[in-house]
Amino acid sequence: MLRDITLGQYFPGDTAIHRLDPRTKIVLTFLYIVVLFVARGIFSYLVMLVWLCSVVAISGIRPRVILKGLKPVVFIVVMTGVLNIFYTPGPPILTLGFVTVTKEGIITAGFMVLRIAMLITGSFILTYTTSPIMLTEGIESLFSPLKKVGAPVHELAMMMSIALRFIPTLIEETDKIISAQRARGADFDSGNILKRARSLVPILVPLFISAFRRAEELSVAMESRCYSGGAGRTRLRELSLHRRDFSAAVCCILMSAGVIALSALGL
């Protein structure tokens with residue numbers, strides 16, 4: 001299961017999505033999420049699905065990788081759908097004791113599951129096609145006006161980038177610790193909930209020690225390179241918008257307008 005978590009990973013490539021400016025990808029991802037919550041009917045969701053599938057196809061990310069990344073959240077998605085089926089009011093079509101299933105509940109659950117899956121997939125595409133360094137520079141550039149009021153924009157962007165970069169590293173470290181503990185006879189699958197919780201202690205303790213050690217090593221490396229924040233720092237590559245960025249923005253705006261229009265009509 002741990003190997004299925006792909007959040008924070010970057011897959012290098014030379015596709016049109018990879019070549020987009022990170023600021024463009026961040027803004028368009030935010031626009032996609034907003035419009036996704038605006039969508040109401042089946043046609044608006046269909047347009048959003050075509051939009052997402054087109055981006056995935058252009059990015060060159062294999063669908064198997066995306067499905068693998070969705071596996072850890074399947075339980076949350078399923079539970080959300082089940083709760084919507086049982087607790088959405090409407091004319092009942094099936095009654096099982098105190099539980100009532102309605103047609104509106106089934107429709108709402110279907111849309112909710114689809115929305116969560118599309119939301120996570122769209123967020124994955126941003127991290128899959130944008131390196132942590134470019135993501136940091138994009139966030140810092142977008143929020144640079146806040147520097148005028150004294151906000152530590154560079155430091156916040158750096159923290160977000162480091163957090164994303166450490167996710168795959170900590171997952172790999174956790175997997176190694178679990179394998180080592182199982183080789184010593186540890187059992188993480190049997191017993192009640194309390195026993196399973198106690199069995200996680202041999203994993204959490206070395207994981208925290210490893211995380212603190214890596215954090216200390218990173219801080220020493222940054223200090224040895226005279227890192228002192230964003231003041232006066234220059235970049236190897238300056239961010240600049242190209243024609244492809246404007247083309248992508250126009251396409252996404254038109255798609256968003258279509259989804260909003262369909263939602264206003266209840267479609």
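Here is a walk through this structure, from its overall layout to some of its individual residues.

Keep in mind that this is a predicted model, where local features need pLDDT of at least 70, side-chain atom pairs count only at pLDDT 80 or more, and totals for chains, interfaces and linings use all residues. Residues are numbered from 1 along each chain as its sequence is written, and side-chain values use heavy atoms, with hydrogens and water left out.

Let's start with the layout. The chain has 11 helices and 2 strands; helices (H or I, at least four residues) and strands (E, at least two) are DSSP runs, numbered from the N terminus. Reading from the N terminus, the order is α-α-α-α-α-β-β-α-α-α-α-α-α. The chain has 267 residues, and 32% of them count as buried. Buried means under 20% relative accessible area, exposed means over 50%, and partly exposed is in between (1.4 Å probe, protein chains only). As for the outside, the chain exposes about 16,600 Å², with carbon and sulfur atoms supplying 70% of that; accessible areas come from the Shrake-Rupley method with a 1.4 Å probe, and for residues only the protein chains shown count as cover.

How do the parts of the chain meet? Take the contacts with a separation of 6 or more: 74% of them are between residues 24 or more positions apart. A contact here means heavy atoms within 4.5 Å.

Now look inside. A nonpolar core is a set of buried Ala, Val, Leu, Ile, Met, Phe, Trp, Tyr and Cys residues joined through side-chain atoms within 4.5 Å. The largest one has 24 residues, and those touching the most other members are Tyr-32, Leu-36, Met-48, Ile-61, Ile-66, Met-118 and Tyr-128. The elements giving two or more residues to this core are α2 (22-38), α3 (42-59), α4 (63-70), α6 (103-128) and α11 (243-264). Pick out Met-48 and you can see some of these connections: leaving aside residues up to four places away in sequence, Met-48 touches Tyr-32, Val-35, Leu-36, Ala-39, Met-118 and Val-259. Apart from this core lies another, of 5 residues, including Ile-26, Leu-126, Ile-139 and Ala-157.

Helix α3 is worth a stop of its own. Ser-44 lies in this helix, and it is buried, with a relative accessible area of 0%. Not counting residues up to four places away in sequence, Ser-44 touches Ala-39, Val-259, Leu-262, Ser-263 and Leu-267. Ser-44 and Ala-261 are 217 residues apart in sequence, yet their C-alpha atoms are 8.6 Å apart in space.

Ile-42 is in helix α3 too, but at 59% relative accessibility Ile-42 counts as exposed. Ile-42 joins Phe-43, Leu-46, Leu-49, Val-50, Leu-265 and Leu-267 in a nonpolar surface patch with about 670 Å² of accessible area together. Patches are made of residues with over 30% relative accessible area and no salt bridge, where like charges are joined within 9 Å and nonpolar side chains (Val, Leu, Ile, Met, Phe, Trp, Tyr) within 5 Å.

Next come the rings. A search of the whole structure finds 5 aromatic pairs. Rings of Phe, Tyr and Trp (its six-membered ring) pair if their centres lie within 6.5 Å; planes under 30 degrees apart count as stacked, over 60 as edge-to-face and the rest as tilted. Tyr-45 and Phe-111 make a stacked pair, 4.7 Å centre to centre with 5° between the planes. This pair links distant parts of the chain, with Tyr-45 in helix α3 and Phe-111 in helix α6, 66 residues apart. Tyr-45 is buried at 3% relative accessibility, while Phe-111 is partly exposed at 22%. Elsewhere, Phe-11, Phe-124 and Tyr-128 form one aromatic cluster.

Finally, the charged side chains. A salt bridge is a side-chain nitrogen of Lys or Arg within 4 Å of a carboxyl oxygen of Asp or Glu, and by this rule there are 3. Arg-19 meets Asp-14 at 3.5 Å, N to O, and Asp-21 meets Arg-23 at 2.9 Å. Glu-173 bridges to Arg-214, with the closest N and O atoms 3.1 Å apart. Glu-173 lies in helix α8 (residues 153-183) and Arg-214 in helix α10 (residues 201-224), so this pair ties together parts that are 41 residues apart in sequence. Glu-173 is buried at 15%, whereas Arg-214 is partly exposed at 28%.
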